[in-house]
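Student: I should like a close look at a single part of this model, with an account of how that part sits within the whole. Please give the answer as one connected description.

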Amino acid sequence: MEGIDTGDTAWVLVSTALVLVMTPALAFFYGGMVRKKNLLSTLNLSFVMIGVISLQWVLYGYSLAFGNDIGGWIGDMKFAGFSGVGSDPNADYAATIPHLAFAGYQMMFAVITPALITGAFVERVRFPAFLIFSVLWATLVYDPVAHWVWGVGGVLREMGALDFAGGTVVHAISGFSALVFALVIGARRGFGRAPMEPNNIPFSVLGTGLLWMGWFGFNGGSALGANGLAANAIVTTNTAAAAAGLVWMFLSWQENKPSVLGFVTGAVVGLVAITPAAGFVTPLAAIAIGAIAAPISYYAIRLRQRLNFDESLDVWACHGVGGTWGALATGLFATTAVNPGGADGLFYGNPGQFVTQAIAVFGAVIFASVLTFVIAKLLQMTIGLRVTENEEEVGLDISEHGERAYA
Amino acid sequence: MTKKIEAIIREEKLNDVKDALREIGIIGMNVYEVRGHGRQGGITLAGRIGTYQIDMLPRLQLNIILSDHNVEKTIETIRRAASTGRQGDGVIFIYPVDEVIRIRTGERGKEALTYEGDIDDRQS
């Protein structure tokens with residue numbers, strides 16, 4: 001194979017496995033925070049995306065995102081069914097690994113992004129409506145935005161927007177879509193009256209551990225090679241998570257006690273915030289990005305609570321707001337000293353990069369929010385988004401799946 | 001007369017209460033996990049951010065069946081071992097028991113109830 005580097009290929013293949021595990025990890029992160037009667041349902045909302053989106057991606061999703069550019073907005077059907085996607089590299093994206101390795105690695109990003117949204121509507125969503133929503137959202141929101149940001153000829157890429165591993169493409173758009181969906185579907189029965197206690201915080205801690213490890217593949221693998229850039233991405237990723245976890249812990253300590261769920265939530269927020277920046281910033285900048293991300297998301301949760309929105313597992317506060325902060329922070333802290341292929345940010349004398357980042361992330365977020373509203377409303381008016389009151393009281397494990405988590 | 005003592009105690013006091021009861025010769029008992037609250041209301045737990053209140057607190061319920069004349073001594077023992085002096089220490093209920101049947105032997109009444117060397121055997 002002309003131009004194939006075995007080290008690069010091995011790293012991207014391993015990273016593919018690491019990113020795959022993040023979806024089950026997310027399932028447990030979310031599963032720990034719902035009530036016992038909805039544990040299996042919540043696990044499944046994430047897990048089943050591996051099935052659904054893997055097929056969507058092979059059949060046409062990859063081509064929409066990475067096919068030949070049509071006007072900057074979408075890819076064509078050149079790679080539908082992974083046709084022509086084989087052992088030879090695609091020099092447009094990764095010149096030293098098989099095209100199939102790149103396409104398979106990107107598949108895992110496409111899988112986890114709609115899974116992130118599920119935290120918004122756990123404990124009340126109708127399973128069939130959720131399946132249809134996810135396919136439509138992947139097709140109409142994820143694939144186009146991935147093309148804008150990462151596809152050759154994509155509008156945001158052409159503008160010079162930087163998004164190393166998906167702060168905008170994965171986190172910002174899924175987080176804002178989650179908020180919109182939560183407002184459309186409405187609050188859980190009893191929301192705000194009785195506390196809805198997490199059934200198993202250890203699951204959330206375990207899920208975070210696996211997410212944290214998987215994120216090394218998510219960000220480190222986005223270097224698309226086994227090289228110094230991958231090392232930079234992994235170190236900045238770990239550093240930001242550490243800073244954000246600790247700051248979150250102290251925030252909760254100041255109000256009461258150092259919450260364990262608080263520490264792991266902070267770590268996830270740090271991982272989210274560093275995602276767009278991991279390959280463009282220094283480890284010291286990563287401390288700042290993580291440390292600032294924690295209070296932003298912390299008080300975003302408080303705001304969400306004050307507004308009485310039942311965006312149940314705070315996908316908006318953690319991924320939407322955290323991802324947006326990360327995209328903006330990339331425009332502040334990016335330096336070509338770390339990555340000559342990137343750009344300098346505001347703190348390195350290039351204020352224009354910050355403006356570009358802001359236009360890119362807000363453009364993508366507005367697009368995703370509008371589309372999510374339209375898709376969710378259409379499903380609500382046709383097949384219905386919510387289970388019945390009785391089914392909600394019994395719990396979705398029994399009502400949607402006929403199973404229960406514990407005998 | 002046979003009585004049932006139903007004592008609701010703090011979870012962390014189970015070992016103290018069990019040890020104290022064994023010393024006065026109470027061998028058999030069973031324990032339920034229960035949730036509830038009395039005058040103390042609830043407690044504050046740490047959430048992802050800030051705090052939240054829960055009002056149904058975990059407690060243990062001990063069930064002990066024994067003869068009438070040993071009831072007061074048992075109550076005193078449980079009280080001493082289970083008390084912290086703070087609200088939420090629990091409560092004790094006493095009920096009359098109509099009949100006791102040991103499944104293995106079919107024995108009834110006092111025979112079904114008494115173990116060799118236990119409080120009723122010692123002070124019958």
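**The surroundings of A:A273**

Tutor: In this predicted model, A:A273 is in contact with A:A240, A:A244, A:I289, A:G290, A:A293, A:G322, A:W325, A:G326 and A:A329, once its neighbours within four places in sequence are left aside. A:A273 also belongs to the largest nonpolar core, which has 141 residues. Within that core, the residues with the most contacts are A:L26, A:V145, A:A244, A:L271, A:A273, A:A277 and A:I289. Helix α3 of chain A, residues 99–117, supplies the largest share of this core, 13 residues. A second core of 13 residues is separate, and its members include B:A7, B:A82, B:L113 and B:I119.

One of the contacts of A:A273 is A:A240, and a further residue to examine is A:T237, found in helix α8 of chain A, residues 228–255. Apart from residues up to four places away in sequence, A:T237 touches A:W215, A:F216, A:N219, A:L271, A:I274 and A:A278. Of these, A:L271 is also listed among the core residues with the most contacts. A:T237 has 28 other C-beta atoms within 10 Å and is therefore buried, the threshold for that class being 20 or more. Its C-alpha atom is separated by 22 Å from that of A:I117, and the two residues are 120 apart along the chain.

A:A17 offers another case, in helix α1 of chain A, residues 6–31. Because A:A17 has 13 C-beta neighbours inside 10 Å, this residue counts as partly exposed; a count of 12 or fewer would make a residue exposed. Between the C-alpha atoms of A:A17 and A:V52 there are 18 Å, with 35 residues separating the pair along the chain.

These residues may now be placed in chain A as a whole. Chain A has 14 helices and two strands. Its C-alpha trace spans about 60 × 50 × 35 Å along the principal axes. A compact globule of 407 residues would have a radius of gyration near 22 Å, so the 20 Å of chain A agrees with that expectation. Buried residues make up 58% of the 407 residues in chain A. Among contacts in chain A with a separation of 6 or more, 75% are between residues 24 or more positions apart.

Chain B meets chain A through 10 residues, which are in contact with 13 residues of chain A. On the chain B side, the elements giving two or more residues are β3 (43–46) and β4 (51–54) of chain B. The most comes from β4(B), with four residues. Sorted by class, this side has four nonpolar, five polar and one charged residues.

Elsewhere in chain B, strand β1, residues 2–9, takes part in two antiparallel pairings. With strand β5 of chain B, residues 57–67, the pairing extends over eight bridges, and B:K4 stands opposite B:I65 in β5(B). With strand β6 of chain B, residues 91–97, β1(B) is joined by seven bridges, and B:E6 has B:F93 in β6(B) as its bridge partner.

Note on methods:
Residues numbered from 1 in each chain as written. Chains lettered and ligands numbered in written order. Predicted model: local features only at pLDDT ≥ 70, side-chain atom pairs only at ≥ 80, totals over all residues. Core = buried A, V, L, I, M, F, W, Y, C linked by C-beta atoms within 7 Å. Contact = placed C-beta atoms within 7 Å. Nonpolar A, V, L, I, M, F, W, Y, C, P; charged D, E, K, R; others polar. Rg over C-alpha atoms; globule rule 2.2 N^0.38 Å. Pairing = 2+ DSSP bridges.
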